[in-house]
Amino acid sequence: MPELALLALTFLHYAYAGSTSGATAYLYNAETGGLTETGSIGGFNCAKALTRHPTLPVLYCLGTNAGVDVVNVLSVYRDSFSLVQSLTLADSTFVEIRIQPAGAYAVISHAGNNNVYVYAVDAFNGMLSFISSTAADTGGAAMGFSHRGTYLYTRRSGTTVHEFSLSGGMLTQAGTPFAPGTNTWIFVESPDSRYLYATTGTTSAFRFNIADGSASNFSGAAMNLGFSVSGYTFHKNGFLANGSMVFYSHSSGTIGTLAYDSSNGNLSEIFSLAGV
């Protein structure tokens with residue numbers, strides 16, 4: 001069973017998942033939350049991370065090819081793909097790629113030196129060009145943007161979360177670090193900017209109140225999803241425009257959807273598909 005990257009919800013009700021053999025398109029049923037495979041592209045590794053551009057029909061696949069990590073930039077229309085750029089990175093210890101909500105920058109985390117690398121995103125075709133590198137001590141495990149893309153949250157030293165401001169392609173330490181008291185593996189923020197979610201590698205997820213946008217005033221509470229979240233990752237672009245859904249994937253080959261309750265921030269599973 002190939003390892004799945006995170007689902008990326010994009011235009012026209014399609015979702016996408018990456019694996020060691022490429023990327024796959026799934027038609028999303030808005031009424032049931034169901035996903036049906038409809039197309040794929042192969043020839044490269046996309047198992048580390050998969051994300052979409054917020055406005056362009058472009059996907060970003062991170063995976064290891066011939067011992068070196070590569071970001072493959074894909075133009076996508078429904079379930080059809082075309083390769084736009086293959087960006088070869090320095091080694092094979094990069095972990096995560098995120099696109100700023102405004103779409104101007106991409107950030108890639110490195111597990112070896114714990115740096116975060118910032119790239120400019122071409123406004124026409126989504127191609128990447130390097131801008132800067134910042135020591136963030138992320139451990140390469142978790143990153144997440146604030147809703148407006150002004151702040152980047154990173155996991156530091158296993159249990160501590162830090163906040164960076166992003167301006168002109170440069171990251172600057174901001175706020176006060178906070179410790180949720182557990183490992184955090186991936187972040188996804190609610191579309192109303194009220195909550196930041198993180199899986200913990202246990203049977204619970206964590207929900208942080210970030211209504212004021214400041215990491216110094218985070219308050220976190222464990223949230224039981226009703227199923228084991230060990231090995232699960234929420235999708236970083238997973239919320240629908242109306243804020244009603246978030247996608248997740250599992251390293252064992254399961255993908256699914258969760259309903260979002262905007263009144264209290266709770267998530268509940270409504271659909272899962274195994275054997276992907």
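How many bridges join strand β11 to strand β12, and which way do the two strands run? I will start there and then move through the rest of the chain. Please keep in mind that this is a predicted model.

The answer is 7 bridges, and the strands run antiparallel. Strand β11 covers residues 115-121, and strand β12 covers residues 128-135. To find the pairing in the structure, look at Asn115, which stands opposite Ala135 in β12. The two strands form a hairpin with 6 residues between them. In that hairpin, Gly126 takes a positive phi near 80°.

Now the chain as a whole. It has 24 strands and 0 helices. There are 276 residues in the chain, and buried ones make up 55% of them. About 10,500 Å² of the chain is exposed, with 50% of that supplied by carbon and sulfur atoms. As for contacts, take those between residues at least 6 apart in sequence: 43% of these join residues at least 24 apart.

For those new to sheets, strands pair through backbone hydrogen bonds, and the pairing is either parallel or antiparallel. One example here is an open sheet of 4 strands, in the order β5-β6-β7-β8, with antiparallel pairing. Which strands stand at the edges of this sheet? They are β5, residues 49-52, and β8. Each has a single partner strand, so one side of each is left without a neighbour in the sheet. On average, neighbouring strands of this sheet are turned by 25° against each other, with direction ignored. Within the sheet, β7, which is residues 68-77, pairs with β8 over 8 bridges in the antiparallel sense. Val73 has Gln85, in β8, as its bridge partner.

Next, the aromatic rings. A pair of rings is described by the distance of the centres and the angle of the planes. The count for this model comes to 4 aromatic pairs. Take Tyr16 and Phe81: their ring centres are 5.6 Å apart and their planes are at 80°, so this pair is edge-to-face. Tyr16 lies in strand β2, residues 14-19, while Phe81 lies in strand β8, residues 80-88, so the pair ties together parts that are 65 residues apart in sequence. Are these two residues buried or exposed? Both Tyr16 and Phe81 are buried.

Another aromatic pair brings us back to the hairpin. Tyr117 and Phe130 are 6.3 Å apart centre to centre, with 50° between the planes, and this pair is tilted. Tyr117 is in strand β11 and Phe130 is in strand β12, so the pair ties together parts that are 13 residues apart in sequence. The cut-off for buried is under 20% relative accessible area. Tyr117 has 15% relative accessibility, so Tyr117 counts as buried. Phe130 has 48%, and therefore counts as partly exposed. Tyr117 and Phe130 also belong to one aromatic cluster, together with Phe94 and Tyr119.

One last residue is Arg207, in strand β19, which spans residues 204-209. Arg207 has 16% relative accessibility, so Arg207 counts as buried too. How far apart are the C-alpha atoms of Arg207 and Tyr197? The separation is 4.7 Å, although the two residues are 10 residues apart along the chain.

That is the end of the talk.

Terms used: Residues are numbered from 1 along each chain as its sequence is written. This is a predicted model: local features need pLDDT of at least 70, side-chain atom pairs count only at pLDDT 80 or more; totals for chains, interfaces and linings use all residues. Side-chain values use heavy atoms; hydrogens and water are left out. Two strands pair if DSSP finds at least two bridges between them. Rings of Phe, Tyr and Trp (its six-membered ring) pair if their centres lie within 6.5 Å; planes under 30 degrees apart count as stacked, over 60 as edge-to-face and the rest as tilted. Buried means under 20% relative accessible area, exposed over 50%, partly exposed in between (1.4 Å probe, protein chains only). Contact means heavy atoms within 4.5 Å. Accessible areas come from the Shrake-Rupley method with a 1.4 Å probe; for residues, only the protein chains shown count as cover. Axes are lines fitted to C-alpha atoms, for helices over the stretch in contact, and angles run from 0 to 180 degrees between N-to-C directions.
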